[in-house]
Amino acid sequence: MKASSKRSNNLQGTVSCPGDKSISQRSVIIGSLLEEDIQISGFLFAEDPLSTIGALRNLGHEIEINDDMVLLKNTRKNIYDKKVFCNLGNSGTGFRLIAGLIAGQEINAELTGDDSLCKRPMNRIINPLNEMGAKIESNKGCAPLIFNKSQLVKEFLYEMPIASAQLKSCLLLAAISSNMKLTLHEKKVSRDHTERMLKYFGANLTTKKYEGGQDIILDTNNKLRGKDYSVVGDFSSASFLIVAALITKDSSITIKNVGINETRCTLIEILKIMGADINIKNRSICCDEEVADIEVSSSALSGISIEEESIPKIIDEIPILSIAACFAEGETSITGAGELRFKESDRLMAIEEGLKRIGVSYKSSDDSIVIMGNRDLNVSKEVNIDSFGDHRIAMSFLIAGLRFDSEVHVNDCKNIDTSFPRFFETFASLGAEIKTA
Ligand code: S3P
């Protein structure tokens with residue numbers, strides 16, 4: 001599916017933020033460990049969380065969807081003598097978290113995904129899970145993964161080699177589902193939704209912060225208590241709306257119910273330093289996650305240097321931050337972002353290819369990019385941009401097109417459904433000209 005965008009001024013209105021993809025997936029995965037039925041509201045009914053629900057159903061869980069609620073039943077079919085097959089589609093989060101869950105449950109299983117997912121590195125989870133006692137075979141470090149029933153150790157200590165919430169969550173799920181004591185040393189703190197949710201449901205989990213990092217300790221004999229859960233809005237989806245309002249003329253929008261967990265929303269601080277007019281209102285706490293409304297107005301932006309320590313907290317927002325950088329005066333440098341090469345696409349490469357098409361100069365290395373911005377950037381000849389099958393690349397360049405005299409066409413936009421199924425309707429409601437072909 002192809003989509004196109006063209007110059008749009010005066011974006012106005014109030015929209016509600018779609019449910020958080022990371023939290024939606026965790027709510028059903030962690031919810032599957034409870035003994036009581038629970039209801040989940042605010043769930044993101046997009047392809048990735050739905051693949052995760054599909055995998056949990058194959059693992060024997062009864063999950064109903066009623067209107068906009070997910071009902072997780074405590075009854076579980078006996079699957080212990082079978083080999084379970086799960087396909088997580090495009091979802092790296094679903095894949096890596098379910099891998100932890102399966103490893104901790106002593107079952108035979110095969111886990112796979114789509115072409116993009118089957119190219120993503122899995123040794124980061126296979127190695128520590130096998131050290132814990134799992135018996136996982138892979139296709140040269142990639143999916144499909146075969147899980148051969150085996151018992152995990154009773155205690156495990158692990159130094160996180162990379163900042164990855166997916167890896168951290170995978171190991172926490174292996175530990176909690178096998179009653180293991182797990183200590184994780186995290187030098188660079190990644191998003192902490194799993195820790196917050198495990199504590200919300202009553203797990204014995206403590207974190208000890210120290211200069212530049214933290215230890216996460218999950219103790220044994222966790223008795224999780226069933227409680228209903230409400231998913232807050234996805235800051236990563238909100239970031240497309242935020243940047244669209246900033247770079248278009250005479251815009252002023254409000255996004256309601258956005259998750260502003262401090263391990264996720266460093267983009268706001270960065271954009272504010274760049275000169276963005278962003279106000280956070282009506283802060284509250286929902287199921288241990290901070291949530292607020294965000295007001296954004298058109299702003300004249302300036303370039304900024306972003307160093308490695310911020311990267312885990314803006315990891316999914318770097319494509320759209322690169323678009324903000326194109327319209328900011330001066331250089332924006334993003335350093336220490338090598339993990340972007342292992343996302344739904346090689347995102348550094350995909351950003352560079354898109355920048356070439358819209359005539360923006362940049363310098364790049366293995367793990368960095370410097371973008372030469374210009375507040376008057378314009379494109380006066382139609383351009384075609386490749387999404388490389390990546391939802392965040394597709395949405396980012398469609399937003400860039402809102403500033404150009406000529407249309408920007410982005411191919412392969414179907415993948416937007418993996419995280420933001422109402423993307424086109426939401427932007428249309430604000431007056432943005434973004435359309436599917
Ligand atoms: C996610 C963590 C991040 C992020 C991904 C979602 C999660 O990946 O890029 O989109 O839900 O835990 P890594 O933890 O691998 O960096």
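User: Which helices and strands each supply at least two residues of the lining of the largest cavity?

Analyst: That's α3 (92-103), β8 (135-139) and β9 (142-148). Helices here are DSSP runs of H or I with at least four residues, strands are E runs of at least two, and both are numbered from the N terminus. Keep in mind that this is a predicted model, where local features need pLDDT of at least 70 and side-chain atom pairs count only at pLDDT 80 or more, while totals for chains, interfaces and linings use all residues. Residues are numbered from 1 along each chain as its sequence is written, and side-chain values use heavy atoms, with hydrogens and water left out.

User: What makes a residue part of the lining?

Analyst: Having an atom within 4 Å of a grid point, on a 1 Å grid over the protein atoms alone; a cavity is a set of points where a 1.4 Å probe fits but cannot get out. Among the residues that qualify are I102, E106, F147 and L152.

User: Why is the contact between the ligand and S22 called polar?

Analyst: A polar contact is a pair of N or O atoms within 3.5 Å. An oxygen atom of the ligand is 2.6 Å from an N or O atom in the S22 side chain, so the pair meets that cut-off. S164 offers a polar side-chain atom at 3.1 Å from a ligand oxygen, and Q166 a polar backbone atom at 2.9 Å from one.

User: Which elements each supply at least two residues of the shell around the ligand?

Analyst: α1 (21-31) and α5 (165-178).

Note on methods. 1 Å grid on protein atoms, 1.4 Å probe; cavity = no way out; pocket = protein on both sides within 12 Å on 5 of 7 lines; lining within 4 Å. Polar contact = N/O pair within 3.5 Å; in protein donor to acceptor, adjacent residues only side chain to side chain.
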